[in-house]
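Dear colleague,

Please find below the structure I promised to pass on to you. My notes on it follow directly after.

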Amino acid sequence: MVKILMRADTHVSFSVPAEEPVAKCTFSQVLAALSVSLGSMVVGFSSAYTSPALVSMKDRNITSFEVTDQSGSWVGGIMPLAGLAGGILGGPMIEYLGRKNTILATATPFIISWLLIGCATHVAMVLVGRALSGLCVGIASLSLPVYLGETVQPEVRGTLGLLPTAFGNIGILLCFVAGKYLDWSGLAFLGATLPVPFLILMFLIPETPRWYVSRNREERARKALQWLRGRKADVEPELKGISRSHQEAERHASKSAMLDLLKKSNLKPLLISLGLMFFQQLSGINAVIFYTVQIFQSAGSTIDEKLCTIIVGVVNFIATFIATVLIDRLGRKILLYISDVAMIITLMTLGTFFYMKNNGNDVSEIGWLPLAAFVVFVVGFSLGFGPIPWLMMGEILPGKIRGSAASVATAFNWSCTFVVTKTFADITATIGNHGAFWMFGSICVVGLFFVILYVPETQGKSLEDIERKMMGRVRRMSSVANIKPLSFNM
């Protein structure tokens, strides 16, 4: 092979075409992505549970104990609150236990939480089960994107990185469909079966090479990387790149993780990640998912509300798979633009519909409008602002602070989720449901400008390239160091 090697930041190489190595997405990488994505399916099922379950849970003909409107709101609200605690706990866990072990540690508690809910004889048991489930959801939502970001090659990181979101939407859809036929208890027992295949498959995949390098276990890192890239792949350049990146991060690190987070070079990617999380949740998506049935009931939709819920779930699922196809072709920012514009239009439309209805206008002829608007809203969200903030969290946060920064971002996300879901009923009571949708739409307008001005494009770039650009580290090294092109992948 003939190569002309230039500066590290130019990435220019010329090769004989017949021998040019082509980045391949190995079966091992797909298996790793599939394994952690099954955990995301449990997360999706947990998030959607209250929408179909609360209706039957409040029915005294089905439930042996009383569930008031207030306790019912806590059944929905306690999960994101516990998710906040899980996000805080997950950061130290992925650093000290490892990415894989942290994900694996959520499987058994997930099963226990669903059994607690399914066997509940008092609303307190349901709340404890939801709290435990929420804790696991918080830990999983932090560790899944970090694991995939550190194991998948740049060329397919967008596509495989969206698999957890796609499977999360399968979990939501499964919950909506099963909720049409099962009461809250039966639905919980179904939830208890979902972590079993996830638990089994997690034993088959390795820890991330980056975590092994951070623990000075280079031989284990080499074996893990070889498993991920295939037996015949030459992993030495990539492993050296990971080691070099880790050593550089160590040189710039301080003794305190919090001080590291507050460094100007680290603060920029953290604030971008927090911004994406903020606009994701303040789009009102979780209010929509948690209270879908109730929203359709209040809209007086001419279509059965449970059927509407299933249709929304199907669309959510399909849209995410479209996003997995497009993300490594169009890039992250284009999908965020499309996503935001779609959400702005549909939220304003929903606000107008409810405003007309609340003011006594006859909306029976446009009873289909809430469903149509919901469908477009969910398509827009699932194309961009649903999966991309989580994907980019695993991409733009620097390696040295990835655990603590991801913990902050995840905790912040679940804080926003809790605020939105717990206050949605109060907001609609104060400014009307039309005012709530207009408020969410206005926030999405601000989010669009945030993406235009501050969010970087990460399509096809290695984590090391992204980190250097985000931290402003354009290396001016010796000519000897510049001979080696940074061709390793993450």
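**Findings**

The model is a predicted one. Leaving aside neighbours within four places in sequence, Met57 is in contact with Tyr49, Thr63, Val67, Val75, Val126 and Trp184. Met57 also belongs to the largest nonpolar core, which has 55 residues. Together with Val36, Tyr49, Trp114, Val126 and Trp184, Met57 is among the members that touch the most others. Helix H1 (residues 27-48) contributes the largest share of this core, with 10 residues. Apart from it lies another core of 51 residues, including Leu282, Leu383, Leu391 and Val455.

**Overall composition**

The chain has 490 residues, of which 58% are buried. It contains 24 helices and zero strands. Of the contacts with a separation of 6 or more, 82% are between residues 24 or more positions apart. The exposed area of the chain is about 19600 Å², and carbon and sulfur atoms supply 66% of that area.

**Aromatic pairs**

The structure holds 13 aromatic pairs. Two of them are described here.

In the pair of Phe65 and Trp184, the ring centres are 5.6 Å apart and the planes meet at 70°; an angle over 60 degrees counts as edge-to-face, so this pair is edge-to-face. The two residues are 119 residues apart and link distant parts of the chain. Phe65 sits in the loop between helix H2 (50-57) and helix H3 (69-96), while Trp184 is in helix H9 (residues 184-193). Both partners fall under the 20% cut-off for burial: Phe65 is buried with a relative accessible area of 6%, and Trp184 is buried at 5%. Trp184 is also one of the contacts of Met57 listed above.

The rings of Phe450 and Tyr454 have their centres 5.7 Å apart and their planes at 45°, so this pair is tilted. Here the partners are four residues apart, about one turn of the helix, and both lie in helix H22 (residues 402-454). Phe450 counts as buried at 15% relative accessibility, whereas Tyr454, at 52%, counts as exposed. Ring pairs join Phe450 and Tyr454 with Phe278, Phe279 and Phe412 into a cluster.

**Cavities**

How many cavities of 30 Å³ or more are there? The count comes to three. The largest holds about 600 Å³ of space. Its lining consists of 33 residues, and those nearest the centre of this cavity are Val43, Thr165, Gln280, Gly386 and Trp390. The helices that each supply at least two residues of the lining are as follows:

- H1, helix H6 (123-151) and helix H8 (163-179);
- helix H15 (264-281) and helix H16 (285-290);
- helix H20 (369-383), helix H21 (388-396) and H22.

H1, which gives the largest share of the 55-residue core, and H22, which holds the Phe450 and Tyr454 pair, are thus both represented in this lining.

**An exposed loop residue**

Asn216 lies in the loop between helix H11 (209-214) and helix H12 (218-229). With a relative accessible area of 70%, Asn216 is exposed. The C-alpha atom of Asn216 is separated by 9.2 Å from that of Ser243, and the two residues are 27 residues apart along the chain.

With kind regards

Note on methods:
Residues are numbered from 1 along each chain as its sequence is written. This is a predicted model: local features need pLDDT of at least 70, side-chain atom pairs count only at pLDDT 80 or more; totals for chains, interfaces and linings use all residues. Side-chain values use heavy atoms; hydrogens and water are left out. A nonpolar core is a set of buried Ala, Val, Leu, Ile, Met, Phe, Trp, Tyr and Cys residues joined through side-chain atoms within 4.5 Å. Buried means under 20% relative accessible area, exposed over 50%, partly exposed in between (1.4 Å probe, protein chains only). Contact means heavy atoms within 4.5 Å. Rings of Phe, Tyr and Trp (its six-membered ring) pair if their centres lie within 6.5 Å; planes under 30 degrees apart count as stacked, over 60 as edge-to-face and the rest as tilted. Accessible areas come from the Shrake-Rupley method with a 1.4 Å probe; for residues, only the protein chains shown count as cover. On a 1 Å grid over the protein atoms alone, a cavity is a set of points where a 1.4 Å probe fits but cannot get out, and a pocket is an open set with protein on both sides within 12 Å along at least five of seven lines; lining residues have an atom within 4 Å of a point. Grid points are joined across faces, edges and corners, and a volume is the space filled by probe spheres set on the points.
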